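Student: Could you take me through a close look at one helix pairing in this model, and then set that part in the context of the surrounding packing?

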Amino acid sequence: MNKNTKLIKDTVIYGIATLGPKAINVILLPVITNYFTTTEYGKWDLITTTISLILPYISFEILSAVYRWLLDKKGMYNRQQIISTGFFFTIRNIIVFNILGLLFMSFFNVSHSLLILLMTDFIILSDFIKKCVRGLSYNKQYALIGTIQTLITLLTQITCIFLLKLRIETFFIGSIIGSLTALLIGWNILQFHKYLSLDKYSKELIKILLNYSAPMIPAAASWWVMNTSDRYVISIYLGLSANGVYSIAGKLPSIINMLKSIFQLAWQDSAILSYNDKDRDQYYSNIFKHYFRLLTSSCIVLISINPILMKLIVAERFYEAWKYTGILYIGTIFAAFSSFWGAAYHSSKNTKIILKTTLIGAVVNILVNIMFIKSLGLYAAAISTVAGYFIMWITRVLNRNNVFKIAIDKKDFFVLISITVLALLLTFTGNMIINSCLIIISLFIFLIYNKYILTKLINFIKNKVVVG
């Protein structure tokens with residue numbers, strides 16, 4: 001199996017695993033926006049934002065290091081040593097986190113404190129299991145776990161809303177039960193206990209893993225600044241209700257995030273495994289060319305249909321969110337390009353560059369946000385996200401210490417980015433004829449620029465059907 005075929009195969013498999021969790025946000029939008037108030041949803045969004053910030057400091061990002069080392073190391077002894085070392089280190093950190101959390105909550109009144117602790121614990125443990133499943137190359141099983149986790153989460157949340165009539169607890173319970181399900185299924189699939197042994201815990205290995213993962217902790221925090229610090233700035237300056245609207249504005253760009261996440265999982269595997277190949281740079285550049293075309297043309301289509309789509313799927317009190325959604329689409333594609341370079345840096349185990357460039361992007365994001373939030377309102381938050389991700393990507397591209405070279409097609413870049421910005425501006429005219437023409441043109445652009453990928457994908461599916 002050649003590299004391109006493997007990448008397509010892995011992308012399809014990871015797509016099954018990733019599609020559900022991302023799609024859940026869109027599927028539940030009509031229910032969420034009608035059932036919860038803007039203030040309630042703003043509060044929940046703030047809670048998940050805070051949890052996403054502290055997760056790297058609990059896990060020390062050792063999960064990513066375990067995944068990276070499992071891809072390189074073969075043999076039962078090596079795998080037992082890597083998994084046992086990472087797992088027992090993670091369990092120790094979770095215990096410390098819970099003790100500190102309970103002490104903190106005994107002095108301060110934190111609503112839903114026990115649910116917060118439980119959700120955080122199960123998210124970390126289920127993520128650890130899933131990283132091991134990926135690292136051991138059980139990609140189909142990884143897809144199965146993701147699919148079942150999504151269904152269980154969805155069913156739990158629907159039950160909490162329609163039968164139990166719960167409010168914000170709905171989200172906690174759905175996340176906890178979904179993560180617990182993923183943990184149990186992953187444990188059973190791997191027969192995880194056979195990889196665990198206290199005798200295999202290695203202090204020397206944990207130092208090596210931490211040397212790789214430690215720079216990723218502040219990098220993850222910086223990604224948090226890029227992704228979610230806007231929520232705090234908005235809540236402070238504009239209130240929880242505005243934060244609820246902005247949070248909904250970010251739900252549809254999760255479609256681009258979905259495409260990014262699907263591809264990124266497969267690309268990370270492929271980038272690592274092909275890092276030492278002679279044609280590495282040519283391979284990386286060719287993949288990025290088609291990735292750029294796919295994401296940017298998809299962004300143009302989504303921006304074009306955005307005003308109509310938002311009208312159909314969200315309650316009237318949240319409809320204002322469409323104004324910021326189009327801008328966030330653009331921020332999302334620059335985030336995806338940054339992650340593409342990030343996978344290459346992971347391949348070279350050069351995580352310090354990831355830290356440096358992410359910090360730069362985060363500083364730009366928060367400065368632009370604070371400077372303009374009073375004058376531009378929610379537009380400032382959306383624009384600061386675009387600025388931060390763009391700067392982060394450019395600094396990764398221009399970094400002089402790159403041991404790899406990824407070529408960017410300048411013609412594609414200027415043509416497609418210009419069309420993207422133009423499409424965004426035209427949606428603000430509110431003219432139905434212009435919007436209708438824009439949708440038709442955007443679909444043609446998508447088909448023209450992605451002819452190669454669509455042909456490859458169709459042929460791949462046909463071959464699978466014939467073989468089957």
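Tutor: In this predicted model, helix 13, which covers residues 280-313, packs against helix 14, residues 322-347, with the two axes 9 Å apart and an angle of about 165 degrees between them. Because angles over 145 degrees count as roughly antiparallel, helix 13 is described as roughly antiparallel to helix 14. The crossing of these two helices is right-handed, and, sorted by class, the residues in the contact of helix 13 with helix 14 comprise 20 nonpolar and five polar ones, with no charged residues.

The pairing can be followed into the interior through one side chain. F288 touches F337, F340 and W341, and also W393, I406, A407 and I408, when residues up to four places away in sequence are not counted. F288 and F340 also appear, together with I83, F192 and W267, as the residues that touch the most other members of the largest nonpolar core, which holds 122 residues. Helix 14 is the element that gives the most to this core, contributing 16 residues.

Another residue to look at is L443, which lies in helix 18, residues 432-449. The C-alpha atoms of L443 and S304 are separated by 9.4 Å, although the two residues are 139 apart along the chain. L443 has a relative accessible area of 43% and is therefore partly exposed, since that class lies between the 20% limit for buried and the 50% limit for exposed.

A second helix pair offers another geometry to set beside the one you asked about. Helix 4 (residues 62-72) and helix 9 (residues 203-213) have axes that come within 9 Å and cross at roughly 110 degrees, so that helix 4 is roughly perpendicular to helix 9. On the side of helix 4 the contact is made by I62, S64, A65, R68 and W69, while helix 9 supplies L205, I206, I208, L209, L210, Y212 and S213. By class, this contact of helix 4 with helix 9 has nine nonpolar, two polar and one charged residues.

Finally, helix 11 deserves a word on burial. Eight of the ten residues in helix 11, which spans 240-249, are buried, so this helix is largely enclosed by the rest of the structure. The buried residues of helix 11 are A242, N243, G244, V245, Y246, S247, I248 and A249.

Notes: Residues numbered from 1 in each chain as written. Predicted model: local features only at pLDDT ≥ 70, side-chain atom pairs only at ≥ 80, totals over all residues. Heavy atoms only, no water. Helix = DSSP H or I, 4+ residues; strand = E, 2+ residues; numbered from the N terminus. Buried < 20%, exposed > 50% of the residue type's maximum accessible area, 1.4 Å probe, protein only. Axes fitted to C-alpha atoms, helices over the stretch in contact; angles between N-to-C directions. Parallel < 35°, antiparallel > 145°, perpendicular 65-115°, else oblique. Left-handed = near helix turned anticlockwise from the far one by under 90°. Nonpolar A, V, L, I, M, F, W, Y, C, P; charged D, E, K, R; others polar. Core = buried A, V, L, I, M, F, W, Y, C linked by side-chain atoms within 4.5 Å. Contact = heavy atoms within 4.5 Å.
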